Amino acid sequence: MAAVLGVSGWVVAVAACACAAALLVRLRSRDELVARACHELRSPLTAARLAVHALAAPDLVATRPLAVLELELRRAGLALDDLLAARDGTLAGDAAELLEAHEVVQAVAESFLPVARGLGVELRVEPVPPGLFVHGDRLRLVQAVANLVGNALEHGAGLVTLRARVGPGTTVRFEVDDDGPGLPAPVAALAARPRAGRGRRGRGLAIATEVAARHGGRLAAAPSSRGARLVLELPLLTAADDGGRRGPEGPPLAGRAPWWRRVIS
């Protein structure tokens, strides 16, 4: 009997340890999601503030301040959606649509050109070939590319270049170059590190990596003569793949429940 009780005690102890470990993993995952949402609130609020300043002094920027302000407020709303979803250990859902690569590049460029000027860094945006269609969540893709550009502006040096072009096979590549010291480790290693060990670029790379994976793509570093070159690679669609998914022009958040409705419900 004593032996049976001893064995059962060990079983209970092991089960308790397993439950505690699972709970700890879940809490860490939730903490990471909360930290990610907070990280994603800072960038759009900064860009929105610059857009508001541009309304009073339109000669300071060559972009469309009202369009930038609307986009950045939508990005902030997405971050709040993610913050609410973090309670359940997940992210807010995606609202997929068919869009062209130049739309993502234009949105990121309009938001970050004023930021680049404020930092004293040159941001060069190369023309994007027409017809590069991708299927995905507009705000998530802007979120991913914006993190790459933001990292390059803040932690790189010299000229920062943003481009989109056809990649190998049937892919679209969003590329961000800078003239800084380069990455301290491979992209996958930086993105996978624990939160405290990612370094200056790590969280943005982790966010971009996850967005790429959710869209059937990947984030990688490409060879560069100097600095870093980060590449967000996504499946390329042709115009024939539209299938009516694009629909009439309208708000890019069609299909996603606004964060305030989730709060009320």
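This briefing walks through the fold, the nonpolar core, the central strands and the salt bridges of the structure above. The model is a predicted one. Its chain has 265 residues, of which 47% are buried, and its secondary structure comes to 7 helices and 7 strands. Three places deserve a good look: helix H4, which gives the most residues to the largest nonpolar core, strand S5, with both faces covered, and Arg-163, which forms salt bridges with Glu-126 and with Glu-175.

**Overall layout**

- Read from the N terminus, the elements follow the order α-α-β-α-β-β-α-β-β-α-α-β-β-α.
- Among contacts between residues at least 6 apart in sequence, 75% join residues at least 24 apart.

**The largest nonpolar core**

- This core has 44 residues, and the members that touch the most others are Val-108, Val-149, Leu-153 and Phe-174.
- Two or more residues come from each of several elements, including helices H2 (65-85), H3 (101-119) and H4 (138-155), as well as strands S4 (160-166), S5 (171-177) and S7 (229-235).
- Helices H5 (187-192) and H6 (202-214) also belong to that set of contributors.
- H4 gives the most, with 10 residues.
- As background, nonpolar side chains tend to be buried together in soluble globular proteins.

**Helix H4 and Val-145**

- H4 has 18 residues and spans 26 Å from its first C-alpha to its last, close to the 26 Å expected at 1.5 Å a residue.
- Because 17 of its 18 residues are buried, H4 is largely enclosed by the rest of the structure.
- At the N-terminal end of H4, Asp-137 acts as a cap, with a side-chain oxygen 2.9 Å from the backbone nitrogen of Leu-139.
- Val-145 is found in H4 and is buried, with a relative accessible area of 1%.
- Leaving aside residues up to four places away in sequence, Val-145 touches Val-104, Val-108, Leu-162, Phe-174 and Leu-232.
- Val-145 and Val-104 are 41 residues apart in sequence, and their C-alpha atoms are 7.9 Å apart in space.

**Strand S5 and its partners**

- All of S5 is hidden: 7 of its 7 residues are buried, so the strand is largely enclosed by the rest of the structure.
- In a regular strand, side chains alternate between the two faces of the sheet.
- In S5, one side carries Thr-171, Arg-173, Glu-175 and Asp-177, the other carries Val-172, Phe-174 and Val-176, and all of these residues are buried.
- S4 and S5 run antiparallel and are joined by 6 bridges, with Ala-164 having Phe-174 as its bridge partner in S5.
- The hairpin of S4 and S5 has 4 residues between the strands, and Gly-169 there takes a positive phi near 65 degrees.
- S5 also pairs with S7 in the antiparallel sense, over 7 bridges, and Leu-234 in S7 is the bridge partner of Val-172.
- Phe-174 has contacts that include Ala-101, Val-104, Val-105, Val-145, Arg-163 and Leu-232, not counting residues up to four places away in sequence.

**Strand S1 and its partner**

- S1 (residues 96-100) has 4 of its 5 residues buried, so it too is largely enclosed by the rest of the structure.
- S1 pairs with S3 (residues 133-137) in the antiparallel sense over 5 bridges, and Leu-99 stands opposite Val-134 in S3.

**Salt bridges**

- The structure holds 14 salt bridges.
- Arg-163 and Glu-126 meet through their side chains at 3.0 Å, N to O.
- That pair links distant parts of the chain: Arg-163 sits in S4 and Glu-126 in the loop between S2 (123-125) and S3, 37 residues apart.
- Arg-163 is buried, with a relative accessible area of 11%, whereas Glu-126 is partly exposed, at 28%.
- A salt bridge at 2.9 Å, N to O, connects Arg-163 with Glu-175, which lies 12 residues away in S5.
- Glu-175 counts as buried at 1% relative accessibility.
- Salt bridges that share partners join Glu-126, Arg-163, Arg-165, Arg-173, Glu-175, Asp-177, Arg-218, Arg-229 and Glu-233 into one network.
- In helix H2, Arg-74 and Glu-70 are 4 residues apart, so about one helical turn separates them.
- Arg-74 and Glu-70 form a salt bridge in which the closest N and O atoms are 3.2 Å apart, and Glu-70 counts as partly exposed at 44% relative accessibility.

Key. Residues numbered from 1 in each chain as written. Predicted model: local features only at pLDDT ≥ 70, side-chain atom pairs only at ≥ 80, totals over all residues. Heavy atoms only, no water. Core = buried A, V, L, I, M, F, W, Y, C linked by side-chain atoms within 4.5 Å. Buried < 20%, exposed > 50% of the residue type's maximum accessible area, 1.4 Å probe, protein only. Contact = heavy atoms within 4.5 Å. Pairing = 2+ DSSP bridges. Salt bridge = Lys/Arg side-chain N within 4 Å of Asp/Glu carboxyl O. Expected span 1.5 Å × (residues − 1). Polar contact = N/O pair within 3.5 Å; in protein donor to acceptor, adjacent residues only side chain to side chain.
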